Structure formats: structure tokens, C-alpha cells
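Please examine the model below with attention to how its parts meet and how its ligand is held in place. The paragraphs that follow take up the ligand, the domains and the charged pairs in turn.

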Amino acid sequence: MRDIRAALQARREQSLYRQRRVVTSPQGAEIVVDGQRLINFASNDYLGLANHPEVVAAFHKGAEQYGVGSGAAHLICGHSHAHHALEEELAAATGRERALLFSTGYMANIGAITALLGRKSLVLEDKLNHASLIDGGLYSEARFRRYQHAAMSSLSTELANAEESDKLIVTDAVFSMDGDIAPLPDIVELAHQHNADVMIDDAHGFGVLGENGSGTANHFGLDQQQVSVYMATLGKAIGSFGAFIAGSTDLIEYLINEARTYVYTTALPPAVAEATRAALRIAQQDNSRREQLQALISRFRQGAQQLGLQLMPSQTPIQPVVLGEASDCLAMGEKLKQRGLLVGVVRPPTVPQGTARLRITLTAAHSENHIDQLLSALEAARV
Ligand SMILES: *Cc1c(COP(=O)(O)O)cnc(C)c1O
């Protein structure tokens, strides 16, 4: 075993020690953390659905109908009607033939990538991909290469140099720590030229982008031939828990049989699936939540620009402020907390060295007044 005390000490010295805070309220625009009420700019509950009354009611009703535990894996006796109906609704929402529920996004990515690739495959991943995509690539038997972030010249070089006939390009659709959108039409075009397949992780786009929130593939009009593996999570904009992969019938039948993180794990509780179905309905029908979110994003960006804050080129609810040093970020996060605001403090190795940042996320549950309070606190706390 490694010297864990030395490892912890090294983290402390580099301002990289991570700790949890204890939350005693539901998620929402305001949250109680370690006994302190804070305006919450740290969650991924982009549409404000995690504590929506209809979603909570569906959860209760689901528990009454099914109890709590699912009892087994999907292939044994754990696949309830709630799971099945949710899968059909997710396929319809994303314009794909079929969808398959996984217990978490992390498991969906590991399971799909390792199942789809073999010893003769090549997997090409954006440098800033989420850890679960990187881990999936590394755990697979494929040759693993990263290309420069969103750089089509770099991707193109990798594709041109590839000797493998069997290639998969994997990318976040909306980058989780930067908030920018991957150039999917260009990626799909390169994939087509080089006979590669494309998998996208739309954890931060599903519910937020595209018509009725149907995601980033829809936003760019890309169908299941062009993006053959579509993955999204249900614990972010949908406000619930779990994840899914959508695509062709063959893809889904293959994953049911071959994805080890699907086969060898207990199905998530059916009541969670019922709550998710209610949340999905609201996410699809209530465009006012997405409109509110876009209005708040514009308000924040305008205000931040007036303050001279350096923003990233992000049109999404993820609005990072890069400070560089982990210690500066920690100090700034602490100052904002004293002013009653919670923001994500993201340090290496989650982001590259020297790019520690405040990861500010906006949600439809925020008001204009919340955004104005954030802006004045950022101005006052500035180093
Ligand atoms: C959150 C996230 C995941 C993991 O999803 P979970 O359901 O939380 O395990 C995967 N990919 C991206 C891009 C994410 O942001």
C-alpha cells in the first residue's frame, strides 16, 4: 500500500486537500451547509428540479407501488415497469431507437467504452474529457490517445496516423469544468472521413440544450447514424439520479449483453425511475425554465464583463472564473462563503495544473437578485 499519510500531507501542503460539507436542506437556489444558509452556485441542478413537488410526489408514489430496493440486477428480476417506461421515454426524448438505463454516469461510460472496444480498436479522447470517459478508455483493451481540447487539427492528425480500422472518438458534449460546447459537427465530419464512430457524453447538455432540452446532439441536428453512442446523466438538469445510453437497437441489445457495469450491478430503485419520469416530463414541457436560465447566464456574463472578470467562452450554465493557483481559489471560495455564497472550488487534478478555478453554476431556480448578489460578492472578494 502507498504511504497514505504522506500523500495526505502532500495534498495539504499544495492546497489540494479535499473535504466534504454536510448539507441539511434540499437542493435549491439556497442551501444549508454546515449549518449556514448559502446561495447555491455549486450544483448541477440546472433546471431546479431536484426538489420539485411533482418529482417528490412521484418518488413517494413509486415507493408505495414498488417499495425501496429493486432486488436484483436488470437481467435477473430487477427490471421494473418504471425502468422500462423511463427507457422508452428517454429514447423518444433523444430521437434514438432505444435507450438503456445505468445506475450512474460513471458506470455508463466505463461499461459502454470497455464493451465497445477491443484489442484492435483505437479510442480518441478530448484532453478535457470527464474522468469517467478517460477511465473507460484506459480500462478498455483499445489503444488510447488524447487529442488537444476541441482541436480538429489534432484529432485529424490522430485519425490520419491510425492503423486501426476500428476507431471511436469520445467527447464531452458540454465540457464539465469549462462550460464550452464541443464542435460536434466538425467531429462528426472527421469521423465520417476516417470511418470512425462518435460517442458523446451529454451530462451537462441534456435538459439544457436542444429543442425541449433534448440535448446537444439535437442542438446540432445530429442523428443516431452521426453520433452512434449518446450518453447523458439524470442527476444534473433532470434533478434525479442515474444515466442512460441511447442509440440503435443493436447498440442497446449489445450493451445489455456485454456492458459489465450494466450486467453485474443492482438496478436503481424503481421509485427513482418514477421520480425521473416526472422530472423528464417537466424538463421537456416547461421551456420557461430554460428561458430563465439563459436570461440569468446573459445577466451574469454582462455583469462580470463590466467588473473586468475573465470569463470562459461558455454559453451554458457552467461559468468558471479561472484564478490559476489552488490556494487563491480556496481563499476566494472562503471569502464568498463568508458573504453567504457557495461556489465550486475546482483544483488539479480535476483541472490542469495552474488553472484552478471557481466553478460557478447557474440554475433556473435562481433569481436576478441572486445573480446581482453573486456579482457584488465577486467584486468585493476579488484578490
Ligand atoms: C457528472 C458527470 C458524469 C458522471 O455521472 P454520474 O451519474 O454523476 O456518475 C459523467 N460525465 C460527465 C461529463 C459528468 O459531468
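A polar contact is a pair of N or O atoms within 3.5 Å. The model to which this term is applied here is a predicted one. Around the ligand there are 13 residues, of which Gly105, Tyr106, Asp201, His204 and Lys236 come nearest. Glycine 105 takes part through its backbone, an N or O atom of which lies 2.7 Å from an oxygen atom of the ligand. Lysine 236 also approaches a ligand oxygen atom, in this case with a polar side-chain atom at 2.6 Å. For aspartate 201 the partner is a nitrogen atom of the ligand, which lies 2.5 Å from a polar side-chain atom of this residue.

The chain itself is divided into two domains. Domain 1 is made up of residues 17-46 together with 286-381, and domain 2 comprises residues 53-285. To their contact domain 1 contributes 22 residues and domain 2 contributes 21. Taken over C-alpha atoms, the centres of the two domains are 26 Å apart.

The size of an interface is often given as the accessible area lost when the parts come together. Between domain 1 and domain 2 the buried area is about 1600 Å², and carbon and sulfur atoms give 58% of it. On the side of domain 1, Tyr46, Asp286 and Arg290 lose the most area to domain 2, together accounting for 32% of what that side buries.

Polar interactions also cross this boundary. The interface holds 12 residue pairs in polar contact. Helix H13 (287-306), strand E10 (318-324) and strand E12 (356-361) each supply at least two residues of the domain 1 side that touches domain 2. H13 gives the most to this side, with four residues. By character, the residues of the domain 1 side divide into 10 nonpolar, six polar and six charged.

Side chains of opposite charge can pair when their charged atoms come close. How many salt bridges are counted between domain 1 and domain 2? The count is one. Aspartate 178 and arginine 357 form a salt bridge in which the closest N and O atoms are 2.8 Å apart.

For the model, the count comes to 10 salt bridges. One of the pairs joins arginine 277 to glutamate 89, with 2.8 Å from N to O. Because arginine 277 lies in helix H12 (residues 270-285) and glutamate 89 in helix H4 (residues 81-94), this pair ties together parts that are 188 residues apart in sequence.

Conventions
Residues numbered from 1 in each chain as written. Predicted model: local features only at pLDDT ≥ 70, side-chain atom pairs only at ≥ 80, totals over all residues. Heavy atoms only, no water. Domains from an automatic or database assignment. Contact = heavy atoms within 4.5 Å. Buried area = accessible area lost by both parts, 1.4 Å probe. Salt bridge = Lys/Arg side-chain N within 4 Å of Asp/Glu carboxyl O. Polar contact = N/O pair within 3.5 Å; in protein donor to acceptor, adjacent residues only side chain to side chain. Nonpolar A, V, L, I, M, F, W, Y, C, P; charged D, E, K, R; others polar. Near = heavy atom within 4 Å.
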